[in-house]
Amino acid sequence: MIEGACRYVVKDRMERAGMRWTVPGAQSMLDLRTTYVNGQWDKFHNYRITREKQKLYPYWKNIKNLNWSLVT
């Protein structure tokens, strides 16, 4: 059972024709693969999108409620 799971998660994805992996690249791919296989893909994407928004727009909460009208 364990060998089958390893083949499914690792070998089928990592050992395709012509693929070469660095250790960090392979680890990143395996992290994503296990997230998908475990059924946590949507939760991961929601987390990733939230983190990217925080990084790209750190002050969005401060300007959200400002009055942007040119006419006062």
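Thr-35 touches Gln-40, Trp-41 and Phe-44, leaving aside residues up to four places away in sequence. In this predicted model, Thr-35 belongs to helix H2. With a relative accessibility of 17%, Thr-35 falls under the 20% cut-off and therefore counts as buried. One of its partners, Trp-41, sits where helix H3 (41–56) begins, so a look at H2 and what surrounds it is a good way into the structure.

Helix H2 runs over residues 23–37, which makes 15 residues. From its first C-alpha to its last, H2 reaches 21 Å, close to the 21 Å expected at 1.5 Å a residue. At the start of the helix, a side-chain oxygen of Thr-22 comes to within 3.1 Å of the backbone nitrogen of Gly-25. Beyond the other end comes Gly-39, which follows H2 and has a positive phi, near 80°.

Thr-35 has company among the buried residues of H2: Ala-26, Leu-30 and Arg-33 are buried too. What do these buried residues pack against? They have two helices as neighbours, namely H1 (2–14) and H3 (41–56).

Arg-33 gives a view of the H1 side. This residue is found in H2, and its relative accessibility of 18% is under 20%, so Arg-33 counts as buried. Setting aside residues up to four places away in sequence, Arg-33 touches Tyr-8, Val-9 and Arg-13. Those three residues also turn up on the H1 side of the contact between H1 and H2.

How do H1 and H2 meet? Two packed helices are described by the angle between their axes and the distance between the axes. For this pair, the axes come within 10 Å and cross at roughly 130°. An angle of roughly 130° lies between the perpendicular range, which ends at 115, and the antiparallel one, which starts over 145, so H1 and H2 are oblique to each other. The crossing is right-handed. On the H1 side, the contact is made by Tyr-8, Val-9, Val-10, Arg-13 and Met-14. H2 brings Ala-26, Met-29, Leu-30, Arg-33, Thr-34 and Val-37 to the contact. Ala-26, Leu-30 and Arg-33 thus appear both in this contact and among the buried residues of H2.

Thr-34, another H2 residue, takes part in that contact as well. Is Thr-34 buried, exposed or partly exposed? Its relative accessibility is 32%, which is between 20% and 50%, so Thr-34 counts as partly exposed. Val-10, from the H1 side of the contact, lies 24 residues from Thr-34 in sequence, while the two are 9.1 Å apart in space, C-alpha to C-alpha.

Asp-12 is also placed in H1. Because its relative accessible area is 32%, between the 20% and 50% cut-offs, Asp-12 is partly exposed. Asp-12 and Thr-50 are 38 residues apart in sequence, and their C-alpha atoms are 31 Å apart in space. Asn-38 is 26 residues from Asp-12 along the chain, with 16 Å separating the C-alpha atoms.

Asn-38 itself is found in the loop between H2 and H3. Where does that leave Asn-38, buried or exposed? A relative accessible area of 55% is over 50%, so Asn-38 is exposed.

Definitions and conventions. Residues numbered from 1 in each chain as written. Predicted model: local features only at pLDDT ≥ 70, side-chain atom pairs only at ≥ 80, totals over all residues. Heavy atoms only, no water. Helix = DSSP H or I, 4+ residues; strand = E, 2+ residues; numbered from the N terminus. Expected span 1.5 Å × (residues − 1). Buried < 20%, exposed > 50% of the residue type's maximum accessible area, 1.4 Å probe, protein only. Contact = heavy atoms within 4.5 Å. Polar contact = N/O pair within 3.5 Å; in protein donor to acceptor, adjacent residues only side chain to side chain. Axes fitted to C-alpha atoms, helices over the stretch in contact; angles between N-to-C directions. Parallel < 35°, antiparallel > 145°, perpendicular 65-115°, else oblique. Left-handed = near helix turned anticlockwise from the far one by under 90°.
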